[in-house]
Amino acid sequence: MSNRLNTTPNDLRAFWMPFTANRQFKQNPRMMVAAKDMHFTAADGRQILDGTAGLWCVNAGHCRPLITEAIRQQAGELDYAPAFQMGHPKAFELANRLMDIAPDNMANVLYTNSGSESVETALKVALAYHRARGDGSRFRLIGRERGYHGVNFGGISVGGIVANRKMFGTLLTGVDHLPHTHQPDKNAFTRGEPEHGADLADELQRIVTLHDPSTIAAVIVEPVAGSTGVLIPPKGYLKRLREICTRHGILLIFDEVITGYGRLGSAFAAQHFDIKPDIIVTAKGLTNGVVPMGAVFVTAEIHDAFMQGPEHLIEFFHGYTYSGNPIACAAALGTLETYKQEGLFERAAELAPYWEEALHSLKGEPHVIDIRNIGLVGAIELEPIAGEPTKRAFSAFVRAWEKGALIRTTGDIIALSPPLIISKSQIDELIDCVRSVLNEVA
Ligand SMILES: Cc1ncc(COP(=O)(O)O)c(C=O)c1O
């Protein structure tokens, strides 16, 4: 038998874990030592059903052969090529494959190593684009309350999750925020897109009037806000944002780090909602979470605005040592091939009604005050314990782990986003686990 299952490290002090209750974890660690398809193997040998695709990224399931093999081969063939002033074929092949599945107004791809870096890249492209066109007074960026755009300074400035912002000083200047779209008094227990709230997009018009359109570079939103606890856009809301941006020459950036690569049942949310943003931010599902990588898509108009001046000069002063890293590109190509061969985006669309039904069967269980769903995403919002926000959901998370399922919680919201290979019986298993947990937690 493999001795991998016995490798729990006995000293957990040195690693300061990200977005983790470190002291709680280290008293009672939740260690994973292996994964295959829909399951993790815990250090004690238990099988854990993955209800969250890792962190919204393992869309094709774990340790998939095409991806593993692509990485293995690439590591033995070309491990690294300098990203600046040099190239390698897979970076170009991947960009073309991405443009095959992207909305048809997208033309060019910039590579990054994470969602956070993709966000920074998109914001910088937006600012520099206006300047390259001689419209450099457009310096303002508009985000949204409760938005999550990663953890770097641009991202937390346009983001709207208070805990992620409040410790870090003045952030970027010239940023304003749209109101969030969560209206539980009107929309609780809606299946899919809520009826109420399209008018919240008109707040953009108010912000534009306040600052004058000539000062605004871009609006960035998650088409479905994920990390804040799954806020589905009200019917017509995104279309109105698009119209207002178009009217005033403002770029619309969709942060599709969660919604990209099949989560809603089409390659990107832009296609699902039939909206054409100017820039799309992606990461996570691009490589199935296996190798860190992100990609930012832009229109030809944006790209071409930079292609001027003497040809020996660098057109855009931005990039990373690992932009388009060969092993990351190989992983992404293996991932896209897996999605295609197995029809996983279509599979997500087919499973969505079953998923919706299963999720909403939790209505009436203890503590449940709202349930939301779209594609293969779901949220179960719990009544917080008075005076102890987040505690109930955190207890549910720990209890689910003990019972054999990985769920995710944010605030007092349980967020579910399984790999797109989940079966109907595994959906039942996941939802039954949540049901029994809700009946156990205080
Ligand atoms: C919408 C969105 N943008 C950006 C990010 C940041 O991605 P990363 O953690 O890869 O930096 C995330 C991560 O969850 C996200 O959900």
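Two residues are taken to be in contact when their C-beta atoms, placed from the backbone, lie within 7 Å. This is a predicted model, in which local features need pLDDT of at least 70 and side-chain atom pairs count only at pLDDT 80 or more, while totals for chains, interfaces and linings use all residues. Residue numbers start from 1 along each chain, following its sequence as written.

**View 1. Where the two domains meet.** By that contact rule, 32 residues of domain 1 touch 28 residues of domain 2. Five elements each bring at least two residues to the domain 1 side: helix H2 (53-56), helix H14 (344-360), and strands S11 (368-374), S12 (377-382) and S15 (413-416). Helices (H or I, at least four residues) and strands (E, at least two) are DSSP runs, numbered from the N terminus. H14 gives the most to this side, with seven residues. By class, the domain 1 side holds 18 nonpolar, nine polar and five charged residues. Here Ala, Val, Leu, Ile, Met, Phe, Trp, Tyr, Cys and Pro count as nonpolar, Asp, Glu, Lys and Arg as charged, and the others, Gly among them, as polar.

**View 2. The two domains side by side.** Domain 1 covers 3-60 + 343-438, and domain 2 covers 68-341; these bounds come from an automatic or database domain assignment. Their C-alpha centres lie 26 Å apart.

**View 3. The shell around the ligand.** Of the 14 residues around the ligand, Ser-114, Gly-115, Ser-116, Gly-150 and Val-257 come nearest; a residue is near if its C-beta atom, placed from the backbone, lies within 6 Å. Helix H5 (residues 115-132) provides the largest share of this shell, three residues. Five shell residues are nonpolar, seven polar and two charged.

**View 4. The largest nonpolar core.** Have a look at this set of 122 residues, in which Ala-126, Val-219, Ile-253 and Ile-279 have the most contacts. Such a core consists of buried Ala, Val, Leu, Ile, Met, Phe, Trp, Tyr and Cys residues joined through C-beta atoms within 7 Å. Buried means that 20 or more other C-beta atoms lie within 10 Å of a residue's own, with C-beta atoms placed from the backbone. Helix H13 (residues 326-341) gives the most to this core, nine residues. Both domains give residues to the core, so it lies between them.

**View 5. Zooming in on Ile-279.** Leaving aside residues up to four places away in sequence, Ile-279 touches Ala-122, Val-125, Ala-126, Leu-251, Ile-253, Val-296, Phe-297, Val-298 and Ile-302.

Conventions:
Buried ≥ 20, exposed ≤ 12 C-beta atoms within 10 Å, placed from the backbone.
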